[in-house]
Structure formats: structure tokens, C-alpha cells
Amino acid sequence: MPYLYFFFNKIFYMRAKLIAANWKMNGSFALIDSMQKVLSPILEKTTCEVVICPPDVLLSSMNNTVKGSRIAVGAQNVHSETSGAFTGETSAPLLQECGVQWCIVGHSERRMLFGETDEFIRSKTETLLKHGIRPILCIGETLEQRESGNHEEVVVSQLGKGLSGLAAEDQLRCVVAYEPIWAIGTGVTATSKKAQEIHAFIRTIISEKFGNEIAENTSILYGGSCNPNNAKDLFTQKDIDGGLIGGASLKADDFLSIINSF
Ligand code: PGA
């Protein structure tokens, strides 16, 4: 595993190239099979980590199909409690049983459509870490916030609250995904220059909170209308370590071409 190293019997995570697919409320059993067929040959050759986050009902099947391959299974959401009367929710221990290694938290659709607060997101992160699942913490501003020049403030606040109280080694297990809301599903991508600027800024904030070594070893992904045409330009930026891909992850050929952009 390229992103692990051991020091005094402790596991440390290193900055890795990572492409995560967020299928949202899309996908099917058939898509799992076609992804596996199209991706398998190339994954042997790439140094990039690949995670697919399908809807929960597909997790087990995805796990059975990709077991032993370079594709890791991710979830799109989790509850902060581990059991109880939370109709419709899924717990971290159950995700773990389904072979889930990663989980998205704080996606803007969860924040806006389901009213998730920074505090709730923070407690989900903690629960995931306790159950050995690596969180992908999403942050990002609205168009209004960007246009009024408040985007850095938003990012500082979401990051600060989302990671508050984490031990340094837990921070290393978290990946941050910067997803400007105005770029999600709109076909409008942040220019690579704009994306690089904010990614560098995010790394600085992590450095201020946890120190430079941790910041340098944290993977920061870009998300928002990433596609085969713009992926290379984004991924060659110094502080962009990969992508969280929505729409373009639903077509195996497009997703493959994004992975090949590294
Ligand atoms: P998009 O979605 O690639 O379709 O813009 C990204 C996301 O919401 O994670």
C-alpha cells in the first residue's frame, strides 16, 4: 500500500494520489460489473488509489466484485451513532462489515438538502475513525460566497469545525475534498489556477492546526465537474492530489480516462 509506512510500530499515512467516485443516487449492479471489467487492467499499472462510493444497497455486492483488486469500497454517508432508532440510516460497524474502507462526510448535498451541521459532520468523522474507516471530508463555498470574496472564510470554518479535536495521527487518516458548490454538477469547473490557490490555502490551514509534516502528508482532492478533459490540468497542480468525481464516474470509460490523467 503506497500510502502507509510504519514508524515505532505506529501506522502513518502518506499523501497519496486518490480518485474517488461518488455515484450519488445513481448506479446499478450492472455498473459495478462493467467498472470492474474496464478498470481492472489499468489499475495494475497505476500508482493512484481508486475508491468507488456507490449507494449503500450496492456496497456488499461491490465489495464481493472488487475484493482483491486495487479498487477500494467507499460509502457516501454514515450516522454518528453506531446503532439505534434512526430509521433509514446506516451505522459505521455495518459499513465495516460490508468491506467499506472510506466514507464521504459533509458533502454539500448532505449539508444543504438534509441540513447537516458542521458539528454532526464532525461526530460522523470521529465515529468513522473509531471503526477504521477513512473519512473524505468535503468542504466548499457557494457561488454567492465566492463572488463576495468569502470563500476562504467558509473553508476555514468548515475545516476547523470538521477536524476539531482530532489527534494528529487521526488527521493523517482523513482526506479533504475541496468542492466549490458552484462547480458541482454544473459543468463549470474551477480553473486549475483557482483550484490550486485554494488547495494551497487549505494545506496552510492544516499546517497551522497540525504542523507542516501532517499537512504535507494530507491528500486534498478537487471535486466539481471534473471530467476527462480537465482532469490532467487539475491533477498536475502542486497541491491537488486527486479528485472526487460525480457525474463522470458513472461512465466507465470517462472514469478510466480520469484515472489515466495522473
Ligand atoms: P460532479 O460531482 O463531478 O458531478 O460535479 C462531484 C461531487 O458532488 O462530489
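Among contacts in the protein chain between residues at least 6 apart in sequence, what percentage join residues at least 24 apart? The figure is 72%, where a contact means heavy atoms within 4.5 Å. Before going further, a word on what you're looking at: this is a predicted model, in which local features need pLDDT of at least 70 and side-chain atom pairs count only at pLDDT 80 or more, while totals for chains, interfaces and linings use all residues. Residues are numbered from 1 along each chain as its sequence is written, and side-chain values use heavy atoms, with hydrogens and water left out.

Let's start with the whole chain. Its secondary structure comes to 12 helices and 10 strands; these are DSSP runs numbered from the N terminus, with helices (H or I) of at least four residues and strands (E) of at least two. A compact globule of 262 residues would have a radius of gyration near 18 Å, and the protein chain, at 17 Å, agrees with that. That radius is taken over C-alpha atoms, and the globule rule is 2.2 Å times the number of residues to the power 0.38. Measure out a box along the principal axes and the C-alpha atoms fill roughly 45 × 45 × 45 Å. Of the 262 residues, 54% count as buried, meaning under 20% relative accessible area, with exposed being over 50% and partly exposed in between (1.4 Å probe, protein chains only).

What does the chain show to the outside? It exposes about 11800 Å², and carbon and sulfur atoms supply 54% of that. The areas come from the Shrake-Rupley method with a 1.4 Å probe, and for residues, only the protein chains shown count as cover. As for charge, there are 24 positive and 29 negative side chains, and the centres of the two sets lie 4 Å apart. Here Lys and Arg count as positive and Asp and Glu as negative, while His and the chain ends are not counted. Each charge is placed at NZ of Lys, CZ of Arg, CG of Asp or CD of Glu.

Now go to strand S7, residues 134-139. Six of its six residues are buried, so the strand is largely enclosed by the rest of the structure. You can see this on both faces: Arg134, Ile136 and Cys138 are buried on one side, and Pro135, Leu137 and Ile139 on the other. S7 also has strand partners, where pairing takes at least two DSSP bridges between two strands. Strand S6 (residues 100-105) pairs with S7 in the parallel sense over four bridges, and Cys103 has Pro135 of S7 as its bridge partner. Strand S8 (residues 175-178) also runs parallel to S7, joined by four bridges, with Val176 of S8 opposite Leu137.

Strand S10, residues 242-245, makes a good next stop. Gly242 and Leu244 point one way and Gly243 and Ile245 the other, and all are buried. Strand S3 (residues 18-22) runs parallel to S10 and is joined to it by four bridges, while strand S9 (residues 220-223) is also parallel to S10, with two bridges. Leu244 is a handy landmark here: Ala20 stands opposite it, and so does Gly223.

Follow S3 and S9 into the loops beside them and you'll meet some backbone angles worth a look. Most residues other than glycine have a negative phi. Lys24, though not a glycine, has a positive phi of about 55 degrees. You'll find Lys24 in the loop between S3 and helix H1 (29-43), and it counts as partly exposed because its relative accessibility is 21%. Ser225 is another case, with a positive phi near 55 degrees in a residue other than glycine. Ser225 sits in the loop between S9 and helix H11 (231-235), and at 18% relative accessibility it counts as buried.

Which residues are worth finding in the loop between strand S5 (71-75) and helix H3 (92-97)? One of them is Thr82, and Ser80 is found there as well. Ser80 is buried, with a relative accessible area of 15%, whereas Thr82, at 36%, counts as partly exposed. Leaving aside neighbours within four places in sequence, Ser80 is in contact with Phe120, Ser123, Lys124 and Thr127. On the same basis, Thr82 touches Ser91, Pro93, Thr127 and His131. Thr82 and Thr127 are 45 residues apart in sequence, but their C-alpha atoms are 7.8 Å apart in space.

Finally, look at Thr191, in the loop between S8 and helix H9 (192-210). With 48% relative accessibility, Thr191 counts as partly exposed. Thr191 and Gly224 are 33 residues apart in sequence and 11 Å apart in space, C-alpha to C-alpha.
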